[in-house]
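Work through the exercises below with the sequence and the structure at hand. Try each task before reading the solution that follows it.

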Amino acid sequence: MPETKPKVLIADDDPHLRRLIKEALSGDKFEVWEACDGNETWNLIQSLHPDIVLLDIMMPGIGGFEICRYMRENPFTRNIPVVMLTAKSQVSDKIEGMESGADDYITKPFDPLELEARIEMHIRRYLRESDMSPVCGLPGTKAIEKTLSSRISREEKFALCYIDLDDFKAFTDYYGFVKGSELIRTTGTILKKAVTTKGGEDDFVAHIGGDDFIIITIPERAVNIAKEIIKLFDEIAPSFYEKEDLERGFIVTKDRTGFVAEF
């Protein structure tokens, strides 16, 4: 499973500058793309969805400030980091760049080592924030892929524990999405607690999405972690039901085919 490289988009109408930036960025670390005008840049941003955009202010077609505003107004691109590249050093230009939504500002000519360091900093922040589950605060699919790739490449033995909640859809249909989100958040807390008490420092807990989670640990710890999860979940699960439903022992709602059933 090859590790995915962060995608860097260099948007500048100067081919010499694009080449300098590309040479400054390690091919082992980044997948570099180029655009020579504003229209090409905006099209690539929407289709490529890069992990960072190095954006020149003065370009043919759509200007850098305008592209940055487009990105911040679009829900699919609004969180992508933008570093403005410009020969201008006036304070007013920097202010306009920040007001348009830029995350950073580098004036040409620039130091290649500083540029790479800033790019890595913004990409780390972007990948960390974009991959965290908004419900339970656990890492998501990108972190899962990276962790698995790393352990496989090092030929480590590991156990992958897959956790999901039975009849979660019926629960949310009956009690609502707010209650369902609370249950997901609590489940994430349970998994972290189980790993803390029965696992090790190098164990990994993540939220795939919905009611699906995984834990990556070593084979010797997997069973004890699983038993601890079940114990902790069984202790807390009854508190999520109304008293009358708990006493009855089931809830009544529609199944996936639309028929009313007991869960």
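**Exercise 1.** Decide whether glutamate 228 is buried or exposed, and find which side chain meets the side chain of glutamate 228 in a salt bridge.

*Solution.* In this predicted model, glutamate 228 has a relative accessible area of 11%, and because buried means under 20%, glutamate 228 counts as buried. The next step is to look for the partner, and here the side chain of glutamate 228 meets that of lysine 231 in a salt bridge, with 3.9 Å from N to O, a distance that falls within the 4 Å cut-off for such a pair. Lysine 231, for its part, is partly exposed, with a relative accessible area of 41%. Finally, consider the positions along the chain: both residues belong to helix H9 (residues 219-236), and because they are 3 residues apart there, about one helical turn separates them.

**Exercise 2.** Describe the salt bridges within helix H10 and helix H7, giving the accessibility of each partner.

*Solution.* Begin with helix H10 (residues 243-248), where aspartate 245 and arginine 248 lie 3 residues apart, about one turn of the helix. Their side chains meet in a salt bridge at 2.5 Å, N to O. Aspartate 245 is buried at a relative accessible area of 4%, whereas arginine 248, at 38% relative accessibility, counts as partly exposed. Elsewhere, salt bridges that share partners join Arg18, Lys22 and Glu34 into one network.

Then turn to helix H7 (residues 168-175), which holds both lysine 169 and aspartate 173, 4 residues apart and again about one turn of the helix. The closest N and O atoms of this salt bridge are 2.8 Å apart. Lysine 169 is partly exposed at 35% relative accessibility, and aspartate 173 is also partly exposed, with a relative accessible area of 38%. As a last step, set these pairs against the total, which comes to 14 salt bridges.

**Exercise 3.** State in which order the 5 strands of the open sheet are arranged, and which strands form the edges.

*Solution.* Reading across the open sheet, the order is E2-E1-E3-E4-E5, and the pairing is parallel. The edges are strand E2 (31-35) and strand E5 (104-107), each of which pairs on one side only. Neighbouring strands of this sheet are turned against each other by 20 degrees on average, with direction ignored.

For one pair in detail, take strand E1 (residues 7-11), which pairs with E2 in the parallel sense over 5 bridges; valine 8 stands opposite valine 32 in E2. Next come the helices: helix H1 (residues 15-24) lies across E1, E2, strand E3 (52-56) and strand E4 (82-86), and runs at about 170 degrees to E2. Helix H3 (residues 64-73) also packs on the sheet, where H3 touches E3 and E4, and its direction makes about 175 degrees with that of E4.

**Exercise 4.** Find how many disulfides there are, and examine cysteine 36 and cysteine 161 as examples.

*Solution.* The count comes to 0 disulfides. For cysteine 36, the nearest cysteine sulfur is that of cysteine 68, 19 Å away, whereas a disulfide needs sulfur atoms within 2.5 Å. Cysteine 36 is partly exposed, with a relative accessible area of 34%. Cysteine 161 is likewise in no disulfide, and the nearest cysteine sulfur, belonging to cysteine 136, is 17 Å away. With a relative accessible area of 16%, cysteine 161 is buried.

Note on methods. Residues numbered from 1 in each chain as written. Predicted model: local features only at pLDDT ≥ 70, side-chain atom pairs only at ≥ 80, totals over all residues. Heavy atoms only, no water. Pairing = 2+ DSSP bridges. Helix = DSSP H or I, 4+ residues; strand = E, 2+ residues; numbered from the N terminus. Axes fitted to C-alpha atoms, helices over the stretch in contact; angles between N-to-C directions. Contact = heavy atoms within 4.5 Å. Buried < 20%, exposed > 50% of the residue type's maximum accessible area, 1.4 Å probe, protein only.
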